[in-house]
Each structure stands twice: as C-alpha cells, then as structure tokens.
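Me: I should like to go through a protein model and ask, term by term, on what grounds each description rests. Please set each value against its criterion before drawing a conclusion.

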Amino acid sequence: MIMKICKILLHQSNPFPLDGVSIGRKIACSGKTRLWAERSGTGFDTVIIHYISAVERDEKRKFELAPILEILCDYGVSSHFLIDREGKVYQLVPVENKAWHCGASIMPPPDRRKGVNEFSVGVELIATHHSGFTDMQYRSLAILCKYLQAQCGKELNYLGHSDIAGEKAVEMGLREDKKPDPGPLFNWHKFMQLLDIVRLPNIEFICE
C-alpha cells in the first residue's frame, strides 16, 4: 500500500498560492519564519484529532484548501497534517517539530501532562461541526496513524482536541474557551476499527 502525502510546509519559503498571496509571503509578513517550533522533549506519543473549515469566512468555499491554509497563516497556528474531504493528506509541519495546534491543554487522567503540543502530532480533518466526516477521511486518517505508530515505535494515544482543551482545561484556568472538535459526529469506533485492519503503508512525499 502506498500513501502519497503532499508537502505544503507552513514556512516563509513556500510559494504555494493562497488568495492573491503565497503562504511564504503571509508568514513572512507576520514576522515569523515558520509556523512551528523545536520540540523540547524526545518525540511524540499522542495524536490529536481536530476539524477545520472556512465556513465562517465563506460558506461556498468552506471545504477549499486555500482559504483554510490562509486561516492558519492569519492566526499563526498550525497542525502537522490536514486531510481533505476526498482523503488527500497534506503535511504542513514536520513531525519532528512542534506544531501549534492544541493551545493551553492537559492530558486526561491519569496522565495529566500539560502543554500537549510538546509531545503530540496534530491532524486536521476538513469538516464543520455539522458536516460529519467522509469514509475517505476515516481511511486516510487510519493509514496515516498506522504510519505514525511505526515512526514512533510504540502504540500511540488518540484523542480529540476537546479531550485536552475542553471543559477540564477551562475549569483549571488554563484557557477561557473550550474546544469542541472533532465533535459528536466523529465516529471513534469506526476509526479504531480501521486502525486495527489497515496495513502499514509505504509513504511517498510529493510537492503540490
């Protein structure tokens, strides 16, 4: 099995076009060189699942790649991977680095580690709170996570953004808002079943 992952790194040297400006230009104008940082630890042991769309900017383009990437650049946030509605996988940040996808966060008991960005990989699924997720997204997510497990060399924790930046994080005073994603329409049972049955892929990185 071969999975092709398209690299669109959130770095000031990236000429990938958004709406009238490149990713690189957007990031450079913000005073940054890239939308990630070095990890302070030894790697990752957790995958955090999110959703993202451009629905609040343009309903007609809510699932389009360019406005979604522009949102990330505008807000100075990032995730390691993005999976579109057809299951195409994009890498935005190298996994050896820390993406800015969790914000103030804490692992559920008994773990309770704070600052989940330091030891996690973030995966954004293009969806809204009400759209649900496509079969192709579930399959690509499972295949990608099988690959990440092999890279890590051990079983990973799989959590939603709401699990680590939700009500508990607000109660503890770590943040003011609670994150809802990936929401009640994400089928955890389906994802875990697929993760059990998909084969370890060969990964081919390509440029868009």
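The exchange below takes up the overall form, one helix, the salt bridges, the backbone and one phenylalanine.

Me: What kind of model is this, and how many helices and strands does the protein chain have?

Reply: The model is a predicted one. The protein chain has 6 helices and 9 strands.

Me: How do you know what radius of gyration to set the protein chain against?

Reply: A compact globule of 208 residues would have a radius of gyration near 17 Å. The protein chain has 16 Å, and therefore agrees with that expectation. Along the principal axes, the C-alpha trace spans about 45 × 45 × 35 Å.

Me: What share of the residues is buried, and what share of the contacts joins residues 24 or more positions apart?

Reply: Buried means a relative accessible area under 20%, and 52% of the 208 residues in the protein chain are buried. Of the contacts with a separation of 6 or more, 70% are between residues 24 or more positions apart.

Me: What makes up the exposed surface, and how far apart are the mean positions of the charges?

Reply: About 10100 Å² of the protein chain is exposed, with carbon and sulfur atoms supplying 50% of that area. The 26 positive and 26 negative charges have mean positions 2 Å apart.

Me: Why is helix 2 called largely enclosed?

Reply: Of the 11 residues of helix 2, 9 are buried, so the helix is largely enclosed by the rest of the structure. The buried residues are L65, A66, P67, I68, L69, E70, I71, L72 and C73. Their cover includes helix 1, strand 3, strand 4, strand 5 and strand 7. Just after helix 2, G76 has a positive phi of about 65°.

Me: Why is the contact of E70 with K26 called a salt bridge?

Reply: The criterion asks for a side-chain nitrogen of Lys or Arg within 4 Å of a carboxyl oxygen of Asp or Glu. The side chains of E70 and K26 meet at 3.3 Å, N to O, and therefore satisfy it. E70 belongs to helix 2 and K26 to helix 1, so this pair ties together parts that are 44 residues apart in sequence. Both E70 and K26 are buried.

Me: What makes the pair of K26 and D74 a salt bridge?

Reply: The N to O distance between the side chains of K26 and D74 is 2.6 Å, which is within 4 Å, so the pair qualifies. With K26 in helix 1 and D74 in helix 2, the pair ties together parts that are 48 residues apart in sequence. D74 has a relative accessible area of 37% and is therefore classed as partly exposed, between the limits of 20% and 50%. K26, R57, E70 and D74 are linked in a network of salt bridges. By the same 4 Å rule, the count comes to 13 salt bridges.

Me: Why are E118 and K98 placed in different burial classes, and how do they pair?

Reply: K98 has a relative accessible area of 16%, under the 20% limit, and is therefore buried. E118 has 23%, which lies between 20% and 50%, so E118 is partly exposed. Their side chains meet in a salt bridge at 2.8 Å, N to O. E118 lies in the loop between strand 6 and strand 7 and K98 in strand 6, so the pair ties together parts that are 20 residues apart in sequence.

Me: Which peptide bonds are cis, and what is notable about phi of R112?

Reply: P109 and P110 are joined by a cis peptide bond with omega about 5°, and the bond from D181 to P182 is cis, with omega near 5°. P110 is in the loop between strand 6 and strand 7, whereas P182 is in the loop between helix 5 and helix 6. R112, found in the loop between strand 6 and strand 7, has a phi near 65°, a positive value in a residue other than glycine.

Me: How do you know whether F133 is buried or exposed, and which residues does it touch?

Reply: The relative accessible area of F133 is 12%, under the 20% limit, so F133 is buried. F133 lies in the loop between strand 7 and helix 3. Leaving aside residues up to four places away in sequence, F133 touches Y51, R85, L125, A127, Y138, P182, L185 and F186. Among them is P182, the residue at the end of the cis bond from D181.

Definitions and conventions:
Residues are numbered from 1 along each chain as its sequence is written. This is a predicted model: local features need pLDDT of at least 70, side-chain atom pairs count only at pLDDT 80 or more; totals for chains, interfaces and linings use all residues. Side-chain values use heavy atoms; hydrogens and water are left out. Helices (H or I, at least four residues) and strands (E, at least two) are DSSP runs, numbered from the N terminus. Buried means under 20% relative accessible area, exposed over 50%, partly exposed in between (1.4 Å probe, protein chains only). The radius of gyration is taken over C-alpha atoms; the globule rule is 2.2 Å times the number of residues to the power 0.38. Contact means heavy atoms within 4.5 Å. Accessible areas come from the Shrake-Rupley method with a 1.4 Å probe; for residues, only the protein chains shown count as cover. Lys and Arg count as positive and Asp and Glu as negative; His and the chain ends are not counted. The place of a charge is taken as NZ of Lys, CZ of Arg, CG of Asp or CD of Glu.
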